[in-house]
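Student: Could we work through this model together, with a few questions about how its parts are arranged?

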Amino acid sequence: YGFPDTDFSTQTFRSIQLFRYKISDIDLPIQIFRHNLSDTDLQTFPNLYFSNTFDVLLDNYALYSNPEDEVSNALMKYYNIMNGGGVFLMNCFGEKTSGYDTGTQLSKNTFRDVEGSLKDRGIVSWFTKERLHDMLREAGFKIAYFENLIVEHNSIVTERLITGARK
């Protein structure tokens with residue numbers, strides 16, 4: 001499909017669980033697509049696939065490394081490539097994460113060269129529950145699950161916003 005280091009495989013799942021959010025009784029083969037998307041890939045990714053293709057998409061701390069407006073665009077593209085009833089699971093960082101509001105501000109909640117737990121990660125976008133849910137709803141998703149985890153280790157705080165949404 002034009003992406004280097006891409007892995008497609010098919011596995012059968014009876015359920016999928018991310019933290020406390022569980023999708024049960026699916027018992028169907030699901031095609032697994034594993035790829036780390038770069039900025040360039042985000043622009044070409046949806047053009048390589050038909051709409052209504054994927055049952056489950058997982059963003060595990062990846063979209064946060066894009067400017068907020070690009071995250072919104074990616075969410076709309078993700079919505080379009082998902083099957084009806086498909087599930088999108090997303091982990092991202094909240095504003096309580098150490099380093100929020102440091103570095104060079106690119107937009108309201110997007111910074112570059114931040115301090116704290118996300119130091120040396122390039123561009124970082126932080127979210128609030130409300131903003132994240134608004135972005136998902138604007139893309140067409142329905143929020144099915146939300147969990148907010150705040151972890152402190154060695155005086156460094158990480159706020160994790162874990163969201164499950166359905167098409």
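**A loop residue and a small set of strands**

Tutor: Setting aside its neighbours within four places in sequence, Y61 is in contact with N91, C92, F93 and R160; please bear in mind that the model is a predicted one.

Student: Where in the chain does Y61 lie?

Tutor: Two elements frame the position, namely β5, which covers 54-60, and α2, which covers 68-81. Y61 belongs to neither of them, since the residue lies in the loop between β5 and α2.

Student: Is Y61 buried, partly exposed or exposed?

Tutor: The relative accessible area of Y61 is 23%. Buried means under 20% and exposed means over 50%, so Y61, at 23%, is partly exposed.

Student: How far apart in space are Y61 and F93, C-alpha to C-alpha?

Tutor: F93 is among the residues in contact with Y61, although the two are 32 residues apart in sequence. In space, C-alpha to C-alpha, their separation is 7.5 Å.

Student: Which strands stand at the edges of the open sheet that contains β8?

Tutor: This open sheet is formed by 3 strands in the order β7-β8-β9, with antiparallel pairing. Each edge strand has a single partner strand, so one side of it is left without a neighbour in the sheet. The strands at the edges are β7 (104-107) and β9 (123-125).

Student: Which residue of β8 is the bridge partner of Q105?

Tutor: Strand β8 comprises residues 110-112 and pairs with β7 in the antiparallel sense over 3 bridges. For Q105, the bridge partner in β8 is F111.

Technical notes: Residues numbered from 1 in each chain as written. Predicted model: local features only at pLDDT ≥ 70, side-chain atom pairs only at ≥ 80, totals over all residues. Heavy atoms only, no water. Helix = DSSP H or I, 4+ residues; strand = E, 2+ residues; numbered from the N terminus. Buried < 20%, exposed > 50% of the residue type's maximum accessible area, 1.4 Å probe, protein only. Contact = heavy atoms within 4.5 Å. Pairing = 2+ DSSP bridges.
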